[in-house]
Amino acid sequence: MSTESTNFSLVTAVLPKSTTQVTCESLARELGAAAMISEARGTLLHDQWWKSWVPPISPAKSYLQLLAPDDRVEQVEEVIIKAARLDQQSTGAVFSSPCTDAVIGDDFDVLSSLAAEGVPVDQRRDQEELSAIFCILTHSDAERVSKAAIRAGAHGPVVHYCEGKGLRDRLGWLRITKEHDKEVLVVIAEKEFADDIFDTMSHVARLDLPGRGFMYRLPISKGMYNLPSRTSQHHHEASLQQIIHAIDHLSGHNNWRDQSVYQLPGQGRAVGIGNINKNDYMHQRTCLNLFVERESTQKFSDALLDAGASGLNVHYARQYDPQAQPGSKFANMSLEFAVIRCVVEPSLGDVLADSVRSLTSTQNLGNYGLFQIFTPTVATYVPNKIDYRAA
């Protein structure tokens with residue numbers, strides 16, 4: 001059995017490693033929420049010019065996710081901010097993306113709602129304040145794209161790992177040609193600057209070419225971020241985000257943020273983002289997310305691929321169990337889950353969701369969460385649709 005609703009949001013937090021345990025305990029104690037935790041890392045460039053050739057610093061982070069009713073999102077975010085001390089400089093981020101549709105299995109741990117009805121989906125979409133950019137790349141490209149994102153004005157991307165699943169997984173021994181691990185770069189940006197950062201990352205990653213990667217944006221209705229981009233030996237009273245906001249206020253505009261340099265014909269070098277050729281993006285898609293127990297990963301992946309998904313990305317997380325006996329650090333991280341994602345057209349998203357419902361019904365599976373999030377922009381290689389045989 002399952003419950004269907006449109007009034008859920010996916011809450012995501014990026015936390016310092018040292019505050020992960022206390023944050024999970026606070027969520028369990030104050031709200032009865034069981035979060036899922038996976039490993040991640042940050043990206044920091046060196047301030048000193050003579051260290052520019054050195055690989056970026058990668059501080060350890062934790063990537064926390066949980067599904068919450070819309071009327072509990074603010075409570076969840078407040079508990080996370082307080083427990084992880086996200087109000088301090090360069091600590092982390094927390095944000096929520098509204099779901100257009102959610103199917104919750106009876107055994108899946110999710111917060112109960114305080115109200116009978118939430119805000120309609122269309123209104124929640126209009127409340128977008130920030131954007132979350134997810135860029136899936138091979139390890140060899142991640143560092144270059146991370147540096148480009150920072151130089152375009154973004155914070156240091158947060159990176160976690162995933163496994164790609166698609167056609168090659170069905171080709172028997174030919175699956176050995178597949179790169180199993182990919183890196184997912186996560187960037188949170190103010191809505192007005194997200195397009196420029198998205199264009200820059202897409203251009204540097206060459207996502208218009210086949211096999212280069214995949215990138216998409218998710219709307220954020222509520223959230224805050226306080227993530228660094230560069231190392232520094234200096235300690236200031238204000239964070240970089242506060243300084244930038246103050247300069248915006250004093251100058252009355254934010255055009256000064258445009259830092260990219262390009263060549264003007266016959267006029268030398270100039271500043272601006274106008275040199276970036278925007279790729280042809282896909283619009284109005286849906287991001288289908290599925291939380292399932294890890295041992296069921298293969299059967300759900302096969303069901304989604306059979307139903308028409310061209311490719312999936314999967315990463316793994318451990319769910320904090322508030323009922324487990326406390327012991328050593330992370331002893332309460334007991335149940336392992338797979339987080340399966342794919343971005344498709346909305347009509348196909350409904351077909352994939354039906355295939356998951358059918359599988360859970362026939363096999364009597366109840367510990368799962370399936371939800372879709374509106375995805376305004378997607379960047380990836382799109383094969384030429386011209387049929388030359390008709391000529």
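**Aromatic rings and charges in a predicted model**

Tutor: Welcome! In this predicted model, the charged end of Arg-341 sits over the ring of Phe-134, 5.1 Å from the ring's centre.

Student: What makes Arg-341 count as sitting over the ring of Phe-134?

Tutor: The CZ of Arg must be within 6 Å of the ring centre and within 35 degrees of the ring normal. Arg-341 is 5.1 Å from the centre of the Phe-134 ring and is listed as sitting over that ring. Arg-294 likewise lies over the face of Tyr-316, 3.6 Å from the ring centre.

Student: How many aromatic pairs does a search of the whole structure find?

Tutor: Six. One of them joins Phe-198 and Tyr-281, with 5.1 Å between centres and 90° between planes.

Student: Why is the pair of Phe-198 and Tyr-281 called edge-to-face?

Tutor: Centres within 6.5 Å make a pair, and planes over 60 degrees apart count as edge-to-face, so 5.1 Å and 90° give that name. Phe-198 belongs to helix H5, while Tyr-281 is in the loop between strands S13 and S14, 83 residues apart. Both Phe-198 and Tyr-281 are buried.

Student: Why is the pair of Phe-291 and Phe-371 called tilted?

Tutor: Their planes meet at 50°, which is neither under 30 nor over 60 degrees, and the centres are 5.5 Å apart, so the pair is tilted. Phe-291 lies in strand S14 and Phe-371 in strand S17, 80 residues apart.

Student: How do you know that Phe-291 is buried?

Tutor: Buried means under 20% relative accessible area. Phe-291 has 1%, so Phe-291 counts as buried. Phe-371, at 1% relative accessibility, counts as buried too. Ring pairs link Phe-291 and Phe-371 with Phe-108 and Phe-337 into a cluster.

Technical notes. Residues numbered from 1 in each chain as written. Predicted model: local features only at pLDDT ≥ 70, side-chain atom pairs only at ≥ 80, totals over all residues. Heavy atoms only, no water. Helix = DSSP H or I, 4+ residues; strand = E, 2+ residues; numbered from the N terminus. Buried < 20%, exposed > 50% of the residue type's maximum accessible area, 1.4 Å probe, protein only.
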